[in-house]
Amino acid sequence: MKKLLVILLFPLMLMHVVCYMFINSELRERVDEDLRRWNLVMHLGFTNKYFQLCYLHLYYPEYRFLYYQRIVKVKYILNFILRRHKFLYIETKTIGGGLIILHGFL
C-alpha cells in the first residue's frame, strides 16, 4: 500500500528527484551513501534509487531533514512541498555519507 502511495504522489516528489539529478558529484555520492545505508538498516529492499528517494522523503522525516541539510541551495523551496522535521537540528557544517537519524528528539 505504501509503495502505491509513492507512485501516486510521484508528481509531488518530482522536484526532489530533479534536485538529486542535478547536484554535484561529490554531494550525490554522499546522498547515495545515505540511500544505501537507509535501505540496508530499514530493510526497504529497493533497487531503484529514485523510488527509494521518494519513499524515504514521504515516510521518514529524519531522512528528509538530512537531505534538506545536504541540498542547501534549494532546501527552502523543497520545504514548501514536504515540511522538514521541526524538532531536529544538526549543528555541523559537514556531514559524512551514510548518516542515519532515528527518533531525533522524539
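**Exercise 1. Determine how many helices and strands the protein chain of this predicted model contains, and in what order they run.**

Solution. The count comes to six helices and zero strands. Reading from the N terminus, the order of the elements is α-α-α-α-α-α.

**Exercise 2. State how confident the prediction is, and identify the elements with the lowest and the highest mean pLDDT.**

Solution. Begin with the whole protein chain: its mean pLDDT is 80, and 79% of the residues reach 70 or more. Then turn to the elements. Helix 6, covering residues 75–81, has the lowest mean value, 61. Helix 3, covering residues 25–41, has the highest, 92.

**Exercise 3. Describe the largest nonpolar core and the helices that supply it.**

Solution. First, the size: this core has 27 residues. Next, the residues with the most contacts inside the core are Val31, Leu53, Leu56, Tyr60, Tyr63 and Tyr67. At least two core residues come from each of helix 2 (10–22), helix 3, helix 4 (49–59) and helix 5 (61–70). Finally, take Leu56 as an example: leaving aside residues up to four places away in sequence, Leu56 touches Leu35, Trp38, Leu44 and Tyr63. As a general background, nonpolar side chains in soluble globular proteins tend to be buried together.

**Exercise 4. Characterise the burial, the surface and the contacts of the protein chain.**

Solution. Of the 106 residues in the protein chain, 42% are buried. The accessible surface comes to about 6800 Å², and carbon and sulfur atoms account for 62% of that surface. For the contacts, consider those between residues at least 6 apart in sequence: 59% of these join residues at least 24 apart.

Technical notes
Residues are numbered from 1 along each chain as its sequence is written. Side-chain values use heavy atoms; hydrogens and water are left out. pLDDT is the predictor's confidence in each residue, from 0 to 100. Helices (H or I, at least four residues) and strands (E, at least two) are DSSP runs, numbered from the N terminus. A nonpolar core is a set of buried Ala, Val, Leu, Ile, Met, Phe, Trp, Tyr and Cys residues joined through side-chain atoms within 4.5 Å. Buried means under 20% relative accessible area, exposed over 50%, partly exposed in between (1.4 Å probe, protein chains only). Contact means heavy atoms within 4.5 Å. Accessible areas come from the Shrake-Rupley method with a 1.4 Å probe; for residues, only the protein chains shown count as cover.
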